[in-house]
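Reader: I'd like a close look at a single part here, and then how the rest of the chain connects to that part. Could you take me through it step by step, in plain words?

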Amino acid sequence: MPLYEFDCTDCGEAFEKRVRLSDSLDSIACPHCGGIKTQKKLSQFAVKGGSSPTPTSSASSCSTGGT
Ligand SMILES: [Zn+2]
């Protein structure tokens, strides 16, 4: 599912939401105020240059206590 960016014209909240192609992009409810006066941003995919925390799970301690 593509991740779209929306702007709420009610509260000004910007949020991202995954919507299906069959879903109407005009009736996406704002998670902040619940309003549906939201506008899809032009950017089709939300490209955020944020720093995603990469879990450094190198050693998976799987201790199987065998008998
Ligand atoms: Zn809102």
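Author: Let's start with Cys33, which counts as partly exposed at 39% relative accessibility. Keep in mind that we're looking at a predicted model.

Cys33 doesn't act alone: its SG is a donor of the zinc ion, along with the SG atoms of Cys8, Cys11 and Cys30. These protein donors lie 2.3 to 2.4 Å from the zinc ion. For the geometry, look at the angles among the four donor atoms: they run from 106 to 114 degrees, and the site is tetrahedral. To count as tetrahedral, four donors need all their angles between 85 and 135 degrees, and the range of 106 to 114 degrees is what this site has. If you want a reference value, the ideal angle for four tetrahedral donors is 109.5 degrees.

Now put the site back on the sequence. The donor residues follow the spacing C-x2-C-x18-C-x2-C. Cys8 belongs to strand β1, while Cys33 sits in the loop between β2 and β3, so this pair ties together parts that are 25 residues apart in sequence. Are the two ends of that pair buried or exposed? Cys8 is buried, at a relative accessible area of 4%, whereas Cys33 is partly exposed, at 39%. The dividing mark for buried is under 20% relative accessible area.

Cys8 takes us straight into strand β1, residues 3–8. Five of the six residues in β1 are buried, so the rest of the structure largely encloses that strand. What lies on either side of β1 in the sheet? The order is β2-β1-β3, in an open sheet of three strands with antiparallel pairing. That leaves β2 and β3 as the edge strands, each pairing on one side only. On average, neighbouring strands of this sheet are turned by 35 degrees against each other, with direction ignored.

Take the β2 side next. β1 pairs with β2 (residues 14–18) in the antiparallel sense, over five bridges. One of the contacts to pick out is Glu5, whose bridge partner in β2 is Glu16. Between these two strands, the hairpin has five residues, and Gly12 there takes a positive phi near 80 degrees. If you're checking backbone torsions, Gly12 is a residue to look up in that hairpin.

Glu16 is worth a second glance. This residue of β2 is partly exposed, with a relative accessible area of 33%. Its C-alpha atom is separated from that of Lys40 by 9.3 Å, though Glu16 and Lys40 are 24 residues apart along the chain.

Over on the β3 side, β1 pairs with β3 (residues 38–40), again in the antiparallel sense, over three bridges. Here Asp7 has Gln39 of β3 as its bridge partner.

What about the aromatic side chains? The structure holds two aromatic pairs. Tyr4 and Phe6 have ring centres 6.5 Å apart and planes at 65 degrees, so their pair is edge-to-face. The threshold for that label is planes over 60 degrees apart. Both Tyr4 and Phe6 are buried. Phe6 also pairs with Phe15, and that pair is stacked, at 5.5 Å centre to centre with 15 degrees between the planes. Ring pairs therefore link Tyr4, Phe6 and Phe15 into a cluster. For Phe6 the relative accessibility is 0%, which counts as buried. Phe15 comes out at 8%, and counts as buried too.

Phe6 has one more relation to point out, this time with Leu42. The two are 36 residues apart in sequence and 8.9 Å apart in space, C-alpha to C-alpha. Leu42 sits in the segment after β3 and is exposed, at a relative accessible area of 85%.

Finally, zoom out to the whole chain. There are zero helices and three strands, giving the pattern β-β-β along the sequence. Of the 67 residues, 19% count as buried. Among contacts with a separation of 6 or more, 37% come from residues 24 or more positions apart. Back where we began, Cys8 and Cys33 are both donors of the zinc ion.

Technical notes. Residues numbered from 1 in each chain as written. Predicted model: local features only at pLDDT ≥ 70, side-chain atom pairs only at ≥ 80, totals over all residues. Heavy atoms only, no water. Buried < 20%, exposed > 50% of the residue type's maximum accessible area, 1.4 Å probe, protein only. Helix = DSSP H or I, 4+ residues; strand = E, 2+ residues; numbered from the N terminus. Pairing = 2+ DSSP bridges. Donors = N, O, S within 2.8 Å, 3.2 Å for Na, K, Ca; no water. Tetrahedral: all angles 85-135°; square planar, octahedral: opposite > 155°, others 65-115°. Phe/Tyr/Trp six-rings, centres within 6.5 Å; stacked < 30°, edge-to-face > 60°. Axes fitted to C-alpha atoms, helices over the stretch in contact; angles between N-to-C directions. Contact = heavy atoms within 4.5 Å.
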